Amino acid sequence: MTSEKHVAVLAFPFTSHPPPLANLLRKLAEAAPDVRFSFLCTPQPNGDLFPPSSRAQLPPNVGIYDVDDGLPAGHRGATRLHPRKQGDMFLKQAPESFREAIGAAERDARRKVSCLLSHAFLVFACEIAEEMGVPWVTFWVPSPCFLSACVHVEVLGRLRHGTSCGGVAVAEADDKALEMVPGLSLFRMSDIPDEILQDQNTRMVPNLLRQMGRVLPRATAVVVNSFEEANPPPLVADLKSKFKILLHMGCLTVQFPPPSPPPSSASDDTDCLLWLDARDPRTVAYICFGTMAMPSPDEVSALADALESTGTPFLWSLKEHMMEHLPKGFLERTEARGKIVPWAPQSRVLSHPACDVYVTHCGYNSVFESVAGGVPMICKPFWADNAMNARMVKEWWGIGVGAGAGAEGGMITKGGMVKALEVVLRSEEGKAMRKKVGELRARLAEAAGPGGSVGADFKALVDLISAS
């Protein structure tokens with residue numbers, strides 16, 4: 001008998017957020033072939049993740065539905081609006097847009113939605129699920145430590161403003177670990193994103209994040225894009241105490257262990273992999289700060305000076321408009337040992353035998369790609385959960401250092417970067433980091449493998465949505 005179960009999957013359509021949920025959708029559709037899944041997202045991510053020309057190859061129990069992106073007609077497909085403005089415009093009309101898409105999915109499937117699976121930023125999905133009388137499962141994409149900060153945002157806000165813990169001053173709180181906040185003793189106030197601590201912030205996403213501690217405990221289950229084994233036990237224990245069910249899916253955009261790489265000539269328009277093939281093993285620094293983070297002109301120049309003065313071979317993914325900030329003659333002087341490209345196939349670069357250190361903004365996906373490749377990191381966080389991820393890299397896992405002159409990895413300076421490169425590439429401490437990152441990779445591969453914790457939590461999620 002065909003199941004009447006129907007799961008509506010609601011995606012947050014910006015930056016690196018849709019792919020993990022799309023990958024979870026694919027896994028669930030394969031594991032529960034009798035359940036109908038409807039994926040709801042804005043047109044551009046839907047087109048990127050599920051090109052119309054290939055949708056016929058999707059499992060028969062999957063449907064793809066567009067929701068309105070909230071942009072004026074003249075802005076659709078354009079990049080003139082700042083991403084934060086786009087996010088606010090989308091979220092203002094998102095509840096109604098998702099309700100309409102759910103209705104369309106129900107009509108197509110000829111069955112009512114029996115469960116909502118939504119990105120955690122879409123907190124209004126809780127009300128939609130309650131109105132429909134169905135379970136709400138929410139999916140958290142960034143790091144669990146950032147989730148913990150959102151859960152404890154009120155106490156963190158009081159600490160930030162010196163109104164609790166005996167009136168601890170802001171400067172003192174910045175200098176000390178957050179030992180008074182359950183699960184966050186590893187972190188410092190300076191690691192917590194400013195946006196979620198600002199009471200008067202009028203932007204939509206920070207305000208949604210501030211609601212997490214009140215809304216997520218109402219979810220039937222909270223699913224995280226991480227491994228229980230990767231996080232401090234007190235943090236995991238505290239999150240489990242806050243939610244009805246907490247399930248770890250592993251990192252859904254990074255495979256542990258990494259797959260065997262294809263030939264270096266395959267899908268590499270910038271010839272990065274062929275260039276790496278000509279380098280000695282464990283000699284190259286790979287530099288990339290993601291798609292949105294932007295170092296200052298002075299930082300670009302300082303980083304280039306450090307690479308040149310240390311003689312470090314490098315592969316640098318640098319946006320073309322930032323090239324003008326490189327020191328005069330830098331490209332000519334380093335052409336024998338360096339390569340600059342506008343884009344690189346990052347996971348394959350980090351898994352290449354020549355790659356020995358990753359200079360990174362500590363985006364969550366990037367950190368796990370580095371772990372999968374067995375590569376230590378030099379951390380230059382920019383925003384959101386970057387600083388918390390960097391703290392995990394440096395202090396919990398012990399597989400990286402800061403990029404700046406100070407231990408916290410602030411502004412990139414020539415002296416700070418020279419020191420960081422020397423530590424990771426040429427010291428006993430760097431050897432210890434490589435050993436630790438290899439051990440962490442092995443633990444995560446075991447967790448993701450047969451009989452591991454990820455498989456057990458995934459089965460629990462399949463059982464939950466199948467029984468809803």
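These legends go with a set of close-up views of one predicted model.

Residues are numbered from 1 along each chain as its sequence is written. Since the model is predicted, local features need pLDDT of at least 70 and side-chain atom pairs count only at pLDDT 80 or more, while totals for chains, interfaces and linings use all residues; side-chain values use heavy atoms, with hydrogens and water left out.

**View 1. Phe 12 and Phe 90 form an edge-to-face pair.**
A pair of aromatic rings is described by the distance of the centres and the angle of the planes. Rings of Phe, Tyr and Trp (its six-membered ring) pair up if their centres lie within 6.5 Å; planes under 30 degrees apart count as stacked, over 60 as edge-to-face and the rest as tilted. That rule gives a count of 17 aromatic pairs. For Phe 12 and Phe 90, the ring centres are 6.5 Å apart and the planes sit at 70 degrees, so this pair is edge-to-face. Phe 12 belongs to the loop between β1 (6-10) and α1 (18-31) and Phe 90 to helix α3 (residues 83-109), so the pair ties together parts that are 78 residues apart in sequence. Helices (H or I, at least four residues) and strands (E, at least two) are DSSP runs, numbered from the N terminus. Phe 12 and Phe 90 are both buried, where buried means under 20% relative accessible area, exposed means over 50% and partly exposed is in between (1.4 Å probe, protein chains only).

**View 2. Phe 12 also pairs with Phe 121.**
Here the ring centres of Phe 12 and Phe 121 are 5.1 Å apart with planes at 65 degrees, so we have an edge-to-face pair again. Phe 121 comes from the loop between β4 (115-119) and α4 (125-132), and Phe 12 from the loop between β1 and α1, so the pair ties together parts that are 109 residues apart in sequence. Phe 12 is buried, at 5% relative accessible area, and Phe 121 is buried too, at 6%. Step back a little and you'll find one aromatic cluster made of Phe 12, Phe 14, Phe 90, Phe 98, Phe 121, Phe 124, Trp 140 and Phe 146.

**View 3. His 17 sits in the loop between β1 and α1.**
His 17 counts as buried, with 11% relative accessibility. Which residues does His 17 contact, leaving aside its neighbours within four places in sequence? They are Phe 12, His 119, Phe 121, Val 141 and Pro 142, with contact meaning heavy atoms within 4.5 Å. Val 141 is 124 residues away from His 17 along the chain, yet their C-alpha atoms are separated by 6.5 Å.

**View 4. A salt bridge joins Arg 434 and Asp 356.**
A salt bridge is a side-chain nitrogen of Lys or Arg within 4 Å of a carboxyl oxygen of Asp or Glu, and the count by this rule is 16. For Arg 434 and Asp 356 the N to O distance is 3.3 Å. Arg 434 is part of helix α19 (residues 428-448) and Asp 356 part of strand β11 (residues 355-360), so the bridge ties together parts that are 78 residues apart in sequence. Are these two side chains buried or exposed? Arg 434 is buried at 12% relative accessible area, and Asp 356 is buried at 4%.

**View 5. Glu 395 and Arg 391 form a salt bridge within helix α17.**
The closest N and O atoms of Glu 395 and Arg 391 are 2.7 Å apart. Glu 395 and Arg 391 are four residues apart in helix α17 (residues 386-396), about one helical turn. Glu 395 is partly exposed at 39% relative accessibility, whereas Arg 391 is buried at 1%. Asp 191 joins in as well: Asp 191, Arg 391 and Glu 395 are linked in a network of salt bridges.

**View 6. Helices α16 and α19 cross roughly perpendicular to each other.**
The axes of α16 (residues 364-373) and α19 come within 8 Å and cross at roughly 100 degrees. Axes are lines fitted to C-alpha atoms, for helices over the stretch in contact, with angles running from 0 to 180 degrees between N-to-C directions. Angles under 35 degrees count as roughly parallel, over 145 as roughly antiparallel, 65 to 115 as roughly perpendicular and the rest as oblique. On the α16 side the contact is made by Phe 368, Ser 370, Val 371, Ala 372 and Gly 373, and on the α19 side by Val 437, Leu 440, Arg 441 and Leu 444.
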